[in-house]
Amino acid sequence: MTRNLLISILFCGSVCMASAEDGSRLWLRQDTTASATVDCMLQSPTLDIARNEISRAWRGKPASLQLFSDPAHEALGKEGYTIRTENGRITLGSVSETGLLYAAYHLLRLQATEADMTRLDIREKPVYDLRILNHWDNPDGTVERGYAGHSLWKWEELPDRISPRYEAYARANASIGINGTVINNVNASPQALSTENLKKVKALADIFRPYGLRVYLSVNFASPIQLGGLDTADPLDKKVQAWWKDKVHEIYSLIPDFGGFLVKANSEGQPGPCDYQRTHAEGANMMARALKPYGGIVMWRAFVYSPTDSDRAKQAYLEFNPLDGKFLDNVIVQVKNGPVDFQPREPYSPLFGAMKHTPLMVEFQITQEYLGHSNHLAYLAPMWKEFFGYVRPNTIRAMAGVTNIGDDTNWCGHDLAQANWYAFGRLAWNPSLASEEIAREWLQQTFTTAPEFVGPMTKAMTDSHEAVVNYMMPLGLHHIFAWNHHYGPEPWCMIPGARPDWLPSYYHQADKEGLGFDRSHTGSNAVAQYPDSLAKVFDSIDTCPEKFLLWFHHVPWKHQMKSGHTLWEELCYHYNDGLKAARSLHDTWTAMKPYVDDERYQAISHRMDIQVHDAIWWKDACLLYFQTFSKMKFPKEVEKPSFRLKELKKVKLPITNYECPTMDMLPQL
Ligand code: BDP
């Protein structure tokens with residue numbers, strides 16, 4: 001059924017206009033001079049955006065936007081939509097205005113990617129209702145693990161001054177279906193909930209709303225003490241419960257569609273219910289009760305590990321699995337994709353599949369804390385797809401991604417890192433999309449549709465994650481980064497008095513016998529947390545996939561690998577392959593010069609110089625260091641080291657948590 005809304009968009013001719021290619025336009029670079037005639041009988045902020053987007057850029061058949069309430073559209077849910085060619089025009093249909101906005105962006109994507117549009121019959125429904133970005137942005141404008149400048153949110157200016165980038169941000173998210181944003185760091189300041197701050201949050205929420213983007217806040221569990229002046233934050237205390245209830249009421253009176261809370265509790269020094277001998281479920285449920293009347297949710301993180309003797313990789317499971325079924329229905333437990341911490345490659349967290357009576361959501365890290373920051377090209381869709389190879393998409397409830405967005409002109413530092421923001425949104429909408437497909441459409445929209453560009457670059461992007469794994473941490477190695485900033489290699493790192501599970505040697509366990517963390521039944525037995533069939537595969541050194549070998553096993557240096565090489569040789573070849581692959585990414589980019597504007601060509605080339613440099617640094621540091629244990633020679637095909645171990649051990653990068661190193665800070669070749 002058509003409601004009394006009909007917006008007709010008629011095609012108009014137009015001319016092309018060039019503008020600066022500083023990366024600020026992301027993948028939304030279509031020429032906007034179409035000035036199509038738009039017939040609109042209903043108006044609303046969201047529909048105005050959808051109509052304007054199409055009328056400015058669409059160059060195809062006349063189009064109309066229609067709200068439907070028929071079963072076929074209702075079956076697509078409140079954000080789904082159809083796009084159909086009918087009687088010489090294109091009809092975009094949905095039960096909601098947001099659905100129509102998504103349809104508009106889809107139509108424009110088809111145009112920008114030069115898809116065949118002769119007969120359109122598209123039905124779309126997002127796989128996850130919640131597709132959410134997590135900003136680790138601090139009140140002082142810094143971004144924890146952010147490598148693209150300062151925070152986009154200018155707290156000191158809000159709510160009076162509104163940066164135009166807030167709307168540009170909402171638009172970019174809507175164009176890829178992202179519908180939620182947690183705007184502050186999980187290491188949350190209690191001040192996030194102050195009345196003064198909430199007014200600023202409201203200003204952002206008002207801008208985001210027409211784009212279908214809801215605002216959420218990370219909250220500090222001790223807020224009732226820090227902000228409310230109470231003497232406890234015990235979730236079973238009536239005063240504490242009343243405090244949260246009042247606070248939630250205040251939030252919703254300002255932001256009626258507020259999404260809810262994200263909570264990091266009893267993790268890395270953050271307060272939480274365990275401080276009062278209460279469980280995570282008791283803490284989460286207390287907040288959930290306060291949010292429930294307004295439709296709000298709690299995303300409670302399972303990223304916990306205390307300094308015990310137990311294997312860190314086992315701890316989240318040990319703490320959370322016994323709580324299965326104990327959370328209220330508006331709580332979702334947010335679990336990082338792997339059991340440790342966003343390493344370049346991890347097996348999936350065994351909590352997925354184990355907690356059968358608790359809604360779970362996966363947390364991916366879009367920002368490249370452990371993948372060369374915004375200096376390295378590491379297209380992450382293949383890594384996220386690897387997760388979905390083990391965890392069936394329909395067994396989880398939602399997808400969260402820790403963003404790589406800052407106030408840099410090009411948003412993400414590295415122009416090619418925009419692809420990770422884009423891929424996150426596309427996969428949260430439909431996790432069965434192929435990495436190549438996403439890379440291709442992103443490249444076409446962001447640069448050019450020339451096949452000579454799109455073909456090689458799709459391959460380069462798709463290969464890039466494996467390249468980074470190989471030159472940083474192949475075969476299941478993990479967490480051998482430099483202390484604190486997590487950028488370069490420091491497998492030898494030893495800080496007197498530091499928690500052992502913050503030090504690389506805890507993870508690589510190199511000794512004269514071999515390398516790797518024994519998590520088999522002879523070691524920490526972390527394998528037992530996986531379903532039996534998989535536990536068996538991981539448990540045996542013979543059947544464990546080699547990409548996870550050193551994650552699950554302490555392997556003798558002379559162990560024979562599937563290739564016939566020893567572990568030592570195989571390790572050398574992997575590092576060497578990683579370096580070769582980094583060079584090849586760079587060569588591919590160099591060959592793309594004719595297809596790319598000079599501004600972005602140079603900026604990316606420069607970052608790729610750093611990536612190749614760092615691949616050499618990683619290879620040399622890790623192999624020279626591990627060689628002190630293996631005492632074996634490098635195979636002759638492996639490139640000779642450019643650095644000396646003694647020199648590399650002295651390297652201390654003058655960077656804080658929040659920066660991307662520049663070439664002059666790096667060890668000189
Ligand atoms: C680690 C980061 C740290 C975060 C933490 C988290 O190093 O900055 O606070 O994860 O996810 O990866 O809470």
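**Helix packing, domains and hollows**

The crossing of helix 5 and helix 7 is right-handed. In this predicted model, helix 5 covers residues 195–208 and helix 7 covers residues 238–254. Two packed helices are described by the angle between their axes and the distance between the axes. Here the angle comes out at about 35°, and the axes lie 10 Å apart. On the helix 5 side, the residues that meet the partner are Thr 195, Leu 198, Lys 199 and Lys 202. Helix 7 answers with Lys 247, Glu 250, Ile 251 and Leu 254. Sorted by class, that contact is made up of four charged residues, three nonpolar ones and one polar one.

Stepping back to the whole chain, the domain assignment splits the protein into domain 1 (7–124), domain 2 (130–434) and domain 3 (471–517 + 554–665). Domain 3 is thus written as two stretches of the chain. Taken over C-alpha atoms, the centres of domain 2 and domain 3 are separated by 30 Å. Their contact takes 29 residues from domain 2 and 30 residues from domain 3.

Next come the open spaces. The largest pocket has a volume of about 600 Å³. It is lined by 21 residues, and the closest to its centre are Lys 78, Asp 129, Asn 179, Arg 214 and Tyr 216. Charged residues number eight in this lining, alongside seven polar and six nonpolar ones. Both domain 1 and domain 2 take part, each giving at least three residues to the lining of the largest pocket.

Closed spaces turn up as well: a search of the whole structure finds six cavities of 30 Å³ or more. The largest cavity has a volume of about 160 Å³. Among its 16 lining residues, those closest to the centre are Trp 27, Leu 28, Gln 30, Tyr 105 and Leu 108. As for class, the lining of the largest cavity holds eight nonpolar residues, with four polar and four charged.

Several helices help to wall off this cavity. Helix 1 (45–57), helix 3 (97–112) and helix 4 (164–175) each supply at least two residues of the lining. Of the helices, helix 3 gives the most, with four residues. In domain terms, the lining of the largest cavity draws at least three residues from each of domain 1 and domain 2, and the lining of the largest pocket likewise draws at least three from each of these domains.

Methods. Residues are numbered from 1 along each chain as its sequence is written. This is a predicted model: local features need pLDDT of at least 70, side-chain atom pairs count only at pLDDT 80 or more; totals for chains, interfaces and linings use all residues. Side-chain values use heavy atoms; hydrogens and water are left out. On a 1 Å grid over the protein atoms alone, a cavity is a set of points where a 1.4 Å probe fits but cannot get out, and a pocket is an open set with protein on both sides within 12 Å along at least five of seven lines; lining residues have an atom within 4 Å of a point. Grid points are joined across faces, edges and corners, and a volume is the space filled by probe spheres set on the points. Ala, Val, Leu, Ile, Met, Phe, Trp, Tyr, Cys and Pro count as nonpolar, Asp, Glu, Lys and Arg as charged, and the others, Gly among them, as polar. Domain bounds come from an automatic or database domain assignment. Axes are lines fitted to C-alpha atoms, for helices over the stretch in contact, and angles run from 0 to 180 degrees between N-to-C directions. A crossing is left-handed if the near helix is turned anticlockwise from the far one by less than a right angle, and right-handed if clockwise. Contact means heavy atoms within 4.5 Å.
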